[in-house]
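The following report describes the fold of a single chain, the packing of its helices and the surroundings of selected residues.

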Amino acid sequence: MENQPNNPLHGIKLAEIVEHLVEFYGWEELGERINIRCFTHDPSVNSSLKFLRKTPWARERVEGLYLKSLRDAKKK
């Protein structure tokens, strides 16, 4: 595995990303920011992971929101 010092997503599991977002925003706000069913209807980490692993566009949006949340956390 190559070292990727400039990639903030390197070495972070999708489950860690989803758990961070739920902790940072909560399910309700997460569902408002990214309107996908696994966040808005009976949300759980497992159902979200199943969907995100199969849906590249949704995963990209989740990863983007994760990076934004890291930037926002640094500002606080």
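Helices, and the loops named by reference to them, rest on DSSP runs of H or I with at least four residues, numbered from the N terminus. The model described here is predicted.

**Overall architecture**

The chain has five helices and zero strands, and its order along the sequence reads α-α-α-α-α. The C-alpha atoms occupy a box of roughly 40 × 30 × 15 Å along the principal axes. The radius of gyration of the chain is 13 Å, which agrees with the value near 11 Å for a compact globule of 76 residues. Of the 76 residues, 30% count as buried. Among contacts between residues at least 6 apart in sequence, 54% join residues at least 24 apart.

**Packing of helix 5 against helices 1 and 4**

Two packed helices are described by the angle between their axes and the distance between the axes. The table gives both values for two pairs that involve helix 5.

| Helix pair | Axes come within | Crossing angle |
|---|---|---|
| Helix 1 and helix 5 | 10 Å | roughly 55° |
| Helix 4 and helix 5 | 5 Å | roughly 115° |

For the second pair, the contact draws on Phe 51, Leu 52 and Lys 54 of helix 4 and on Pro 56, Trp 57, Ala 58, Arg 59 and Val 62 of helix 5. By class, the residues of this contact are six nonpolar, no polar and two charged.

Helix 1 spans residues 14–25 and helix 5 spans residues 56–75; their axes cross at roughly 55°, and the two helices are therefore oblique to each other. Their crossing is left-handed. From helix 1, the contact is made by Leu 14, Ile 17, His 20, Leu 21, Phe 24 and Tyr 25. Helix 5 contributes Arg 59, Val 62, Glu 63, Leu 65, Tyr 66, Ser 69, Leu 70, Asp 72 and Ala 73. These residues divide into ten nonpolar, two polar and three charged.

Arg 59 and Val 62 of helix 5 appear in the contact with helix 1 and also in the contact with helix 4.

**Selected residues**

Leu 9 lies in the segment before helix 1. Beyond residues up to four places away in sequence, Leu 9 touches Ile 17, Glu 63, Tyr 66 and Leu 67. Of these partners, Ile 17, Glu 63 and Tyr 66 also take part in the contact between helix 1 and helix 5. Leu 9 and Ser 44 are separated by 35 residues in sequence and by 22 Å in space, C-alpha to C-alpha.

Asp 42 sits in the loop between helix 3 (37–40) and helix 4. Most residues other than glycine have a negative phi. Asp 42, although not a glycine, has a positive phi of about 50°. With 73% relative accessibility, Asp 42 counts as exposed, since the cut-off for that class is over 50%.

Ser 48 belongs to helix 4, residues 45–54. Its relative accessibility is 0%, so Ser 48 counts as buried. Outside its neighbours within four places in sequence, Ser 48 is in contact with Val 18, Trp 27, Cys 38 and Phe 39.

Trp 57 is part of helix 5. At 47% relative accessibility, Trp 57 counts as partly exposed. Leaving aside neighbours within four places in sequence, Trp 57 is in contact with Ile 36 and Phe 51. Phe 51 and Trp 57 are both among the residues that form the contact of helix 4 with helix 5.

Key: Residues are numbered from 1 along each chain as its sequence is written. This is a predicted model: local features need pLDDT of at least 70, side-chain atom pairs count only at pLDDT 80 or more; totals for chains, interfaces and linings use all residues. Side-chain values use heavy atoms; hydrogens and water are left out. Axes are lines fitted to C-alpha atoms, for helices over the stretch in contact, and angles run from 0 to 180 degrees between N-to-C directions. Angles under 35 degrees count as roughly parallel, over 145 as roughly antiparallel, 65 to 115 as roughly perpendicular and the rest as oblique. A crossing is left-handed if the near helix is turned anticlockwise from the far one by less than a right angle, and right-handed if clockwise. Contact means heavy atoms within 4.5 Å. Ala, Val, Leu, Ile, Met, Phe, Trp, Tyr, Cys and Pro count as nonpolar, Asp, Glu, Lys and Arg as charged, and the others, Gly among them, as polar. The radius of gyration is taken over C-alpha atoms; the globule rule is 2.2 Å times the number of residues to the power 0.38. Buried means under 20% relative accessible area, exposed over 50%, partly exposed in between (1.4 Å probe, protein chains only).
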